[in-house]
Each structure stands twice: as C-alpha cells, then as structure tokens.
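Colleague: I am new to this structure and would like a close look at one part of it, followed by a careful account of how that part sits within the rest. Could you take me through it step by step?

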Amino acid sequence: MSDLFAKEGTETGFAPSDADDFASCLTDLLHRKIIAEDDSLLELGAGFGHLMITAARARIPSYGIEYHPGLAARGRIDIRRQELFVPCKLVQGSYYLAEYIRLRQQGQTRAPFFEHGAFVDNPFSPRITTPFSDDLTDHVYHLEATIPDPYSLLGIGFHKFDVFFSYTWGIELPSILEQYARYAQEDAIFLNHSAFYPVEHKRMLKDIGLSCTVEGKMNGNPLLAYTKQTQPF
Ligand SMILES: C[S@@+](CC[C@H](N)C(=O)[O-])C[C@H]1O[C@@H](n2cnc3c(N)ncnc32)[C@H](O)[C@@H]1O
C-alpha cells in the first residue's frame, strides 16, 4: 500500500478487506447457489475498488460507491487497467439514498446511529465490550446523501441490486441495514464484513426485520449475510 493510501486511510478510517478472503467467500456462495454469476453486486463504501475487481473476475457484475474522492479516483484507474468481461463501475458519492436521509430527518426511521463513546460488542467472538477509542475517532461518517445521485451515475437504482457488500464500523451498520430493509428488492442479500457490532445488534435485527447468518470469514472476522425474513414495514 502506497504512502498516499496510508495517509488517506488515516483520514477516512479506511482499512481494506482481504481480497483473497472475499474471493473464497464468493466462490463458496456461488457454489451453494446463495448468489449467482449474473447477480449484480453493489459495494457500499468501495474504497479503491479491489473487492469489486475480485467480484468482477468471478463474473459478478460489480458496482461501487465510495465517498472519498481520492480512493474512488484511484479505484477507477485500477478498474480500467483490468481485463474484465462483466461491468465494474465505481462512482464517488454517498451510498445513502436521499429518500432514506429525508425519512431520518423527519424522525421516521428506527435504526440508531451510534455516536463515539457508544459501546460495541462482537457477538461472534469471546465477549468483548469495548468503548470506542481514540483510534477510531478519526473515522469520518457520512450520514448524508450527495448530489449528483451516485445511483444515477451508476445507471442502476438501489432496488435493482441482488447482492450488497459493506465493511463498516458498527456505528454505521444499523442505518445501512435499515436502508437495505426498506429499499432493496425482497430477495436481495446483504453481506457485511465487520469487526464491530452495536451491542443492540440482535434487537436491531428484530426491529428492522432481518435475519442474519455467518457465511464466511474476512480478515479473521465473520462475513455475515443478512436477508429479509418478512416485509417489516
Ligand atoms: C472500512 S472501508 C472498506 C473499504 C472496502 N469496502 C473494503 O472492504 O476493503 C469503508 C469505506 O466506506 C467509505 N464510506 C464511509 N461512509 C460512506 C458513505 N456514506 N458513502 C460512501 N462511502 C462511504 C469510507 O470512505 C471507506 O473507504
């Protein structure tokens, strides 16, 4: 990783997922027919696009939205260098839908958005409950929608994607999942790599109406697959 990325990483809280782990997880999910080759994948917070490239190499049409302009620009350069046989498109912007942000502002959403100082808990490893430390405070959250609408730039609406992938801090997870629960198509699947879970993860799942299974390992953390059990709203 170049110095440039080390610097950008510090500014954005960006820590890449392991591409080989992602490739293994995708191979397994394809093999088990949990996802299919022609499913389209949206990576929320795609960084410099290395997982999108990994997915596109597995012939999964891949799209990504990344807030940080430097990471997105670098990702686009890397993507152009690849010989890929399916779409692989990364745009800059916020993955939050304007409609979802509007609802939040009107107090009509349920998912909490935890502030620094909230407690986090990883239910899949020996119980650790840790306050957010200074290490995490340089992470920037973007609970906002951006113009131009990144989904227009991608040419595909949020509701059209079959598979979502994100790697977030636990802080952002509830709102991203709530957006998925409200706006994704019924049989879409949400894959999340996260080392951190809000303490209220289970209750949140119930509130939002999602079920969750462990489907693999990423960087030693669980890869979780969320699906819509029932129409929650
Ligand atoms: C932990 S990194 C994960 C990068 C990549 N997906 C991976 O797994 O290696 C999270 C990324 O999400 C981006 N991000 C945070 N909030 C965002 C938002 N609202 N819209 C788009 N990107 C966002 C950050 O800039 C960062 O690059």
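**The ligand shell and the sheet**

Modeller: The part to begin with is the surroundings of the ligand, where 20 residues form the shell and Ser17, Gly45, Gly47, Tyr67 and Tyr167 approach it most closely. By type, that shell is made up of 11 nonpolar residues, 7 polar ones and 2 charged ones. Everything described here comes from a predicted model, so a word on confidence belongs at the start. The chain has a mean pLDDT of 80, with 75% of its residues at 70 or more. Two stretches call for caution: over residues 1–13 the pLDDT remains under 50, and the model gives them 15 contacts beyond four places in sequence, while residues 115–139 also stay under 50, with 34 such contacts.

From the ligand we can move to the sheet. The model contains an open sheet of 7 strands with mixed pairing, and the strands follow the order 3-2-1-6-7-9-8. Its edges are strand 3 (88–92) and strand 8 (210–218), each of which has a pairing partner on one side only. From one strand to the next, the twist averages 20 degrees. As background, strands in a sheet are paired by hydrogen bonds of the backbone, in a parallel or an antiparallel sense.

Both senses can be followed in this sheet. Strand 1 (residues 41–44) and strand 6 (residues 163–167) run parallel and are joined by 4 bridges, and Leu44 has Ser166 of strand 6 as its bridge partner. On the way to the edge formed by strand 8, the pairing is antiparallel: strand 7 (residues 189–193) is held to strand 9 by 4 bridges, with Phe190 partnered by Tyr226 of strand 9. Strand 9 in turn runs antiparallel to strand 8, and here 8 bridges connect the two; one such pairing places Gly216 opposite Leu223 of strand 9. Strands 8 and 9 form a hairpin with 2 residues between them, and in this hairpin Asn219 has a positive phi near 50 degrees. Most of strand 9 is covered, since 7 of its 8 residues count as buried.

Helices lie against this sheet. Helix 2 (residues 19–31) packs on it by touching strand 8 and strand 9 (221–228), and its direction makes an angle of about 125 degrees with that of strand 8. Helix 4 (residues 69–81) is placed across strand 2 (62–66) and strand 3, at about 160 degrees to strand 3.

Which elements do the buried residues of helix 3 pack against? They meet helix 2, strand 1, strand 2, helix 4, strand 3 and strand 6, so this helix touches elements already introduced. Helix 3 (residues 50–57) is largely enclosed by the rest of the structure, because 6 of its 8 residues are buried, and these are Leu51, Met52, Ile53, Thr54, Ala55 and Ala56. Helix 7 (residues 173–183) is also mostly covered, with 10 of its 11 residues buried; among them are Leu173, Pro174, Ile176, Glu178, Gln179 and Arg182.

A few backbone details remain, and they stand out against a general background in which phi is negative for most residues other than glycine and most peptide bonds are trans. Arg59 comes just after helix 3, in the loop that leads from helix 3 to strand 2, and its phi is positive, near 65 degrees, although the residue is not a glycine. Is Arg59 buried or partly exposed? It counts as partly exposed, because 14 C-beta neighbours lie inside 10 Å. Lys33, in the loop between helix 2 and strand 1, likewise has a positive phi, near 60 degrees, without being a glycine; this residue is exposed, because 7 other C-beta atoms lie within 10 Å and a count of 12 or fewer falls in that class. Finally, Ile147 and Pro148 are joined by a cis peptide bond with omega at about 0 degrees, and Pro148 belongs to the loop between strand 5 (129–131) and helix 6 (150–154).

Note on methods: Residues numbered from 1 in each chain as written. Predicted model: local features only at pLDDT ≥ 70, side-chain atom pairs only at ≥ 80, totals over all residues. Pairing = 2+ DSSP bridges. Axes fitted to C-alpha atoms, helices over the stretch in contact; angles between N-to-C directions. Contact = placed C-beta atoms within 7 Å. Buried ≥ 20, exposed ≤ 12 C-beta atoms within 10 Å, placed from the backbone. Near = placed C-beta within 6 Å. Nonpolar A, V, L, I, M, F, W, Y, C, P; charged D, E, K, R; others polar. pLDDT = per-residue confidence, 0-100.
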